[in-house]
Amino acid sequence: MSQVVIHCEQLGKRYQIGQRERYLALRDVLANSFQAPWRLFRSAAPGSSNGRPKHIWAMRNVSFEIHEGEVVGIVGRNGAGKTTLLKVLARVTRPTEGHAEVVGRMGSLLEVGTGFHPELTGRENTYLSGAILGMSKREINRKFDEIVAFAEVEQFIDTPLKHYSSGMQMRLAFAVAAHLEPEILLVDEVLAVGDIAFQKKCLGKMGEVARGGRTILFVSHNMGAIAQLCQRCLLLVDGHLALDDAPERVVSAHVKNSLQPSSEGETTWERSGSGRARITSVAIRDELGAQCSTLSMGQNLYIRIGGCAERSDLEFTLAAQFVTCWGIPVLYLYNQFKNFRSGADKSFLIDVFVPRLLLMPGLYFLHVWVGLSGQEEFDYVKNGATIDVIQSDCVPITLPIHQHLGLVYSYVEAQQLR
Amino acid sequence: MSVTQQTVLPPTPALPAAPPLLRIAPPQGWLELNLREVWEYRELLYFFVWRDLKIRYKQTAIGAAWAVLQPFLTMIVFSLFFGALARIPSHGLPYPIFYYSALLPWMYFAGALQNATSTVVDQQRVITKVYFPRLVLPLAAVLSGLVDLAIGFVVFLGMMLYYGMTPQATILLLPGFLLLGVLTALGVGLWLSALNAIYRDVRYVLPFLIQFWMFASPVAYPSSLVPERWRWLYGLNPMAGVIEGFRWALTGQGQPPNLLLAASTGAVVLLVAGGVVYFQKMEATFADVV
């Protein structure tokens, strides 16, 4: 294996509650010192109600090694410590305990447009932001035309930034950042800028950089980007390193971890639609009628969808979609010619029978839609249920198979002709 | 340069001789001086100064003329009230020359101190996103004020011409006094910018501080008004040495402010050394508290 370029050992970062956001005023310090004896007394009292911790560990006991040329994704829910980890590695903030060793020139990209000033022109900002991100003047001179072409702002390069559209500002900002070429690059969720076309371009540029043999550590909520770029992935849960494995495993663990609660309660569902009818429950059942979250390949299953409409006898149709954890739709279920109607008490309960589910083993999410096709969307629920498809003897395959071979399995008949 | 040529060029590292191994660890102990790193980031220092200059007079109608107008108008007011009315002694110098030669370093100092104090807070977005030695920020704030000083200096030369005075050999010592002035602004700026990051009260205290400090410095009056035996104490205000030094170096009139200067130099050395240590101790927490 190649050289270790980042070595973290028991890294931890503690914040005082409230400290991260608020600065102190002398008034508070004085007030605190007056309160201090009282507070001391209170906290010493047994059964004190003031049991709130004064510190939080944003990250703790994080140890890992990263080798030269690896592209490593970091995933986790909001507040799991991803950004803190990057900030500590980028030396923006100091760890509270543990240490890390980094070999080689390191660049960080924790924000797009760091150091931009609205009064300066595009050209001036390119130099300024480049210098702040760690490029030398010669380096910027050399890459200037490339940066401007990448950002597609050639005509406006001598116009003050404040006259740029926000999209143009973002493009220029990313273009500068994308041309940063350190040996180790730390990136925090910056791909989520601009329109889709530009995002694709950014992703392409990142891929190019990664193939150029540089070490990249990046945080993203875009599982597709993680899948496309990473060979390895870290999962942070509540500030701890929970998993360090191949991206597909880490991503499924992360998605399971972050979506499990939401499949239990409809209140946290991500949804859209007019609301004239609302889905209130989505459940996957096996052929015996038991609710399940794990299914064997080739098994029959039922999707039971319950909901409530604004009035009785409301007509609607139903569609469902299986999606991988990378966000790729795999299977579409729609019964176009069958209209349902809400009952006398306005509610409805529908079973969808899916014969012999032939999805490859892995994690899938179920999106459910109710509405009138081509006219109105009543409700569209994303990730209403999660299903883990496992390999079993329902389908006669002797070797382990997984999603990366394909997403759908089919029975085939092969005939030897010669 | 054509595209094909560009690809042939070897990649240039931004930081010469980057340390092969970087250790990231919790802050330890009191003293963690890393001045060599500041030197490695000198290009960024240049860019910060350049940006300050670029944006200082953006969207003002008369632009850099402000650099001239501010000391010039103050000089007129001082000459009228302290000079023509209060008849403050001026070593036989014309009042406009007497006041302008002191306002030049004073205005620089007041401006530089203001910039340096607010710089850590103003640059919080950058501080929370990118690493660089934070010392670069107050350093840039202090250096960018020198351009205004240079413009004001040219005006002073014109005034001397008007009064039929010629610069004496003492003017060769001006860079020394200038350096002392820059270091004073830096020393105080280091303390105040680090404090301002934690206690925003500093922002409100500063205007008073600058006002009081001016009356504690020989701007509106000569230091000869201060009794001889208290002169050394007076000199502990480094700006006293700087301003008297400027006046003496620019006009060549009067005595060199030896005693004053010695006390001022000593005070500056302590101020800057303490400021650097305090600032570098606090900088580890800037990103968390700003």
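**Domain 1 and domain 2 of chain A: the interface**

Between domain 1 of chain A and domain 2 of chain A, the salt-bridge count is 0. The model is predicted. Polar contacts are also absent: the rule finds 0 residue pairs across this interface, with both residues required to be at pLDDT 80 or more. The two domains nonetheless bury about 690 Å² between them.

**Layout**
- Domain 1 of chain A covers 4–27 + 54–258.
- Domain 2 of chain A covers 270–405.
- The contact draws 9 residues from domain 1 of chain A and 7 residues from domain 2 of chain A.
- Their C-alpha centres are 37 Å apart.

**Buried area**
- Carbon and sulfur atoms account for 80% of the area buried between domain 1 of chain A and domain 2 of chain A.
- On the domain 1 side, the residues that lose the most area to domain 2 of chain A are A:Glu248, A:Val255 and A:Lys256.
- Together, A:Glu248, A:Val255 and A:Lys256 make up 56% of what the domain 1 side buries.

**Polar pairing**
- The interface of domain 1 of chain A and domain 2 of chain A has 0 salt bridges and 0 residue pairs in polar contact, counting pairs with both residues at pLDDT 80 or more.

**Domain 1 side: elements and residue classes**
- Two helices of chain A, H7 (223–229) and H8 (247–264), each supply at least two residues of the domain 1 side that touches domain 2 of chain A.
- H8(A) gives the largest share of that side, 6 residues.
- By class, the domain 1 side that touches domain 2 of chain A has 5 nonpolar, 2 polar and 2 charged residues.

Key
Residues numbered from 1 in each chain as written. Chains lettered and ligands numbered in written order. Predicted model: local features only at pLDDT ≥ 70, side-chain atom pairs only at ≥ 80, totals over all residues. Heavy atoms only, no water. Domains from an automatic or database assignment. Contact = heavy atoms within 4.5 Å. Buried area = accessible area lost by both parts, 1.4 Å probe. Salt bridge = Lys/Arg side-chain N within 4 Å of Asp/Glu carboxyl O. Polar contact = N/O pair within 3.5 Å; in protein donor to acceptor, adjacent residues only side chain to side chain. Helix = DSSP H or I, 4+ residues; strand = E, 2+ residues; numbered from the N terminus. Nonpolar A, V, L, I, M, F, W, Y, C, P; charged D, E, K, R; others polar.
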